[in-house]
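Me: I would like to learn how to read helix packing and aromatic pairs in a model. Could we work through the one below together?

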Amino acid sequence: MSSAEFITYAVVLGLCAAVLLLIALPRYLAAMRDPDAPPPLPRGRVGTAGFTVYDILFVVAVLCLLASNLVSKGESPQVSLTLLVVSLVFQLGGIVFIVAIMFWRMNLVDQWGLRWRQWWKAFLGVFAVIFMIALMYGLEASGYHEFIQGLIGGDTQQPMVTLLQEEMDVSILVMVGLVAVVGAPLSEEVFFRGYLYPAVKRVLGVWGATLISAAIFALMHYNLAALLP
């Protein structure tokens, strides 16, 4: 990891932790001094009832885990079938863990919008995908990737993409597919959108939760070129 990468990740991580620990948490605790007048629930379509200060502390613990991983991050381990299986088990285990700590406090069907009667609107996501593709091409045309490559002095492509392009072992390719197409998307949605976003929204509102959850999500990929997109 280059010094530019390390500094960027450290700044993003530090800002997230500072906002939660030094701004959001004290403000929320101050508002809770009167037990008969708890802080009002933030407006919006994603509910925050059932989320407490303990959830914010759990998020901070995740940030500490990220910080320790950032400090100790050196050479990436050689990708193997065993490592991919462990990754998939960890992803699915994370889903079970998040569901377990939320299940007894709230109705997950309602919390995660599974009763949504306007599912056809999900197809509007196609336009979001088109926008992101245009953004990626725009960054490429602007010289963004060359700029990042100059900072880190190496390839900006994510290791998983490189592996898919170069690996010939069918069993490893199948496991990569399961990790990248099944495990990662499901675990990311459950944690970042299903848990972290509403938990932070409880103390920071819609925009604060959007920025914090997006920043942590981007940071966890440890790829400087992909951080902005």
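Reply: Let us begin with a contact between two helices, bearing in mind that this is a predicted model. In the contact, Phe6, Tyr9, Ala10, Leu13, Cys16, Ala17, Leu20, Leu21, Leu25, Tyr28 and Leu29 of α1 meet residues of α2, among them Val53, Ile56, Leu57, Val60, Leu63 and Val71. Sorted by type, the residues of this contact comprise 21 nonpolar, no polar and no charged.

Me: Which quantities describe two packed helices?

Reply: Such a pair is described by the angle between the axes and by the distance between them. Here the axes of α1 (residues 3-31) and α2 (residues 53-72) come within 11 Å and cross at roughly 160°, which makes α1 roughly antiparallel to α2, since angles over 145 degrees are classed that way. The crossing of α1 past α2 is left-handed.

Me: How is a pair of aromatic rings described?

Reply: One gives the distance of the centres and the angle of the planes. A search of the whole structure finds 7 aromatic pairs. For Phe191 and Tyr195 the ring centres are 6.2 Å apart and the planes lie at 25°, so this pair is stacked. Both residues belong to helix α8 (residues 170-219), where they are 4 residues apart, about one turn of the helix. Phe192 and Phe217, by contrast, form an edge-to-face pair, with 5.2 Å from centre to centre and 80° between the planes.

Me: Are Phe192 and Phe217 buried or exposed?

Reply: Phe192 is buried, with a relative accessible area of 5%, while Phe217, at 22%, is partly exposed. Both belong to one aromatic cluster with Phe51, Phe58, Phe97, Phe191 and Tyr195.

Key. Residues are numbered from 1 along each chain as its sequence is written. This is a predicted model: local features need pLDDT of at least 70, side-chain atom pairs count only at pLDDT 80 or more; totals for chains, interfaces and linings use all residues. Side-chain values use heavy atoms; hydrogens and water are left out. Axes are lines fitted to C-alpha atoms, for helices over the stretch in contact, and angles run from 0 to 180 degrees between N-to-C directions. Helices (H or I, at least four residues) and strands (E, at least two) are DSSP runs, numbered from the N terminus. Angles under 35 degrees count as roughly parallel, over 145 as roughly antiparallel, 65 to 115 as roughly perpendicular and the rest as oblique. A crossing is left-handed if the near helix is turned anticlockwise from the far one by less than a right angle, and right-handed if clockwise. Contact means heavy atoms within 4.5 Å. Ala, Val, Leu, Ile, Met, Phe, Trp, Tyr, Cys and Pro count as nonpolar, Asp, Glu, Lys and Arg as charged, and the others, Gly among them, as polar. Rings of Phe, Tyr and Trp (its six-membered ring) pair if their centres lie within 6.5 Å; planes under 30 degrees apart count as stacked, over 60 as edge-to-face and the rest as tilted. Buried means under 20% relative accessible area, exposed over 50%, partly exposed in between (1.4 Å probe, protein chains only).
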